[in-house]
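Biologist: I want the reasoning behind the labels, not just the labels. Can we take them one at a time?

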Amino acid sequence: MLSAQRLMLIREMIERDAFVSVKEIMERFDVSRSSAMRDLIELENQGVVIRERGGAVLKERAATVSSANEVAIRAKENVNEAQKRLLCARAARTIHEGDCIYVDGGTTTLFLAEWIATMHVTVITPNTYFLQKLPVTFPGTIYLLGGEFGLNRDMSYGPLTIEMLKQFNFDLAFLTTNGIDLERGEASVFDFEVGQVKKEVLKRCRHSRLLVDASKIGKRALCSWARLDAFQDIYMNACPEDERLENIVICD
């Protein structure tokens, strides 16, 4: 395969997943590590990617995310849908009848709805869009958290939300984040108030699950809200092999 053709295909991979590892390039195109690195250097020179340890991220993902460049949740629902569905399918295996679960805001957790649709579980969530995904026949119990409401986010947050959270104890918490920094070992979100809600949830749950697709790797948001080692499990669809933490579960 010509180098120019390979570069085009690698670019398509990164634009689709927002991250590609050196190993993935080596395996897909049957090239050496040095060739894969040269391809990423060329794409970086073209302004397409930012190289990071173990691979590269889409350049537009490298900017710090804040509420100023936040995208409405409904506009992101179908972005990386297959990956999000895969993460939820794997994480849902840990849910049992009778569990009390927290379902976080964001789009990734939306795909948990189909897995708990017939289960007798108690759901606590600030995510109104998630509730729209549950069928009217859902047999479980739902507690919707109140507080300040963000129309773009379809979720509640702020001091009132945190006060309500303090009344609950969760068996499982399914959390999301806007970015993860594997080198620093941190998860970050675009807004401090949203981050405070997530911090409180971590205090209230027996088992925490972070659901994050590979497009979030290397993406830094304004507020760091948790260490990655604070989660029992981090479900990902891909991650550089040399940067995987012990609690990362690869869903494939």
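Modeller: What follows is a set of questions on a predicted model, each label set against its cut-off.

Biologist: Start with the rings. How many aromatic pairs does the rule give?

Modeller: The count comes to four aromatic pairs.

Biologist: Why is the pair of Tyr-102 and Phe-170 called tilted?

Modeller: Two values settle that. The ring centres are 5.5 Å apart, and pairing needs centres within 6.5 Å. The planes stand at 55 degrees. Stacked needs under 30 degrees and edge-to-face needs over 60. The angle of 55 degrees meets neither, so the pair is tilted.

Biologist: Where in the chain do the two rings come from?

Modeller: From distant parts. Tyr-102 is in strand 4, residues 100-103. Phe-170 is in strand 9, residues 170-175. They are 68 residues apart.

Biologist: What makes Tyr-102 and Phe-170 count as buried?

Modeller: The cut-off is under 20% relative accessible area. Tyr-102 has 0%, so Tyr-102 is buried. Phe-170 has 1%, so Phe-170 is buried as well.

Biologist: Which residues do the ring pairs link into a cluster?

Modeller: Tyr-102, Tyr-143, Phe-168 and Phe-170.

Biologist: How do you know that a charge sits over the ring of Tyr-157?

Modeller: The charged end of Arg-153 is 4.8 Å from the ring centre. The distance limit is 6 Å, with a further limit of 35 degrees from the ring normal. Arg-153 is listed as sitting over the ring. Lys-198 likewise lies over the face of Trp-225, at 5.5 Å from the ring centre.

Biologist: Now Thr-125. Is Thr-125 buried or exposed?

Modeller: Thr-125 has a relative accessible area of 0%. Buried means under 20%, so Thr-125 is buried. Thr-125 belongs to strand 5, residues 122-125.

Biologist: What makes the approach of Thr-125 to Val-103 a polar contact?

Modeller: The side chain of Thr-125 reaches the backbone oxygen of Val-103 at 2.6 Å. The limit is 3.5 Å. Thr-125 has another such partner: the backbone nitrogen of Asn-127 lies 2.9 Å from a polar atom of the Thr-125 side chain.

Biologist: Which residues is Thr-125 in contact with, leaving aside neighbours within four places in sequence?

Modeller: Tyr-102, Val-103, Asp-104, Leu-131, Tyr-143, Leu-144 and Leu-145. Tyr-102 and Tyr-143 also belong to the ring cluster.

Biologist: On to the sheet. What is the order of its strands?

Modeller: The open sheet has seven strands in the order 6-5-4-9-12-14-15, with parallel pairing.

Biologist: Why are strand 6 and strand 15 called edge strands?

Modeller: Strand 6 (141-144) and strand 15 (248-250) each pair on one side only. The twist averages 20 degrees from one strand to the next.

Biologist: How do you know that strand 9 pairs with strand 4 and with strand 12?

Modeller: Pairing takes at least two bridges. Strand 4 and strand 9 have three, in the parallel sense. Strand 9 and strand 12 have five, also parallel. Leu-172 appears in both pairings: Ile-101 stands opposite Leu-172, and the bridge partner of Leu-172 in strand 12 is His-207.

Biologist: Why is strand 9 called largely enclosed?

Modeller: Six of its six residues are buried, so strand 9 is largely enclosed by the rest of the structure.

Biologist: Which helix lies across strand 9?

Modeller: Helix 5, residues 81-91. Helix 5 also lies across strand 12, strand 14 and strand 15, and runs at about 145 degrees to strand 14.

Note on methods
Residues are numbered from 1 along each chain as its sequence is written. This is a predicted model: local features need pLDDT of at least 70, side-chain atom pairs count only at pLDDT 80 or more; totals for chains, interfaces and linings use all residues. Side-chain values use heavy atoms; hydrogens and water are left out. Rings of Phe, Tyr and Trp (its six-membered ring) pair if their centres lie within 6.5 Å; planes under 30 degrees apart count as stacked, over 60 as edge-to-face and the rest as tilted. Helices (H or I, at least four residues) and strands (E, at least two) are DSSP runs, numbered from the N terminus. Buried means under 20% relative accessible area, exposed over 50%, partly exposed in between (1.4 Å probe, protein chains only). A polar contact is a pair of N or O atoms within 3.5 Å; within protein, one must be able to donate a hydrogen and the other to accept it, and residues adjacent in sequence count only if both atoms are side-chain atoms. Contact means heavy atoms within 4.5 Å. Axes are lines fitted to C-alpha atoms, for helices over the stretch in contact, and angles run from 0 to 180 degrees between N-to-C directions.
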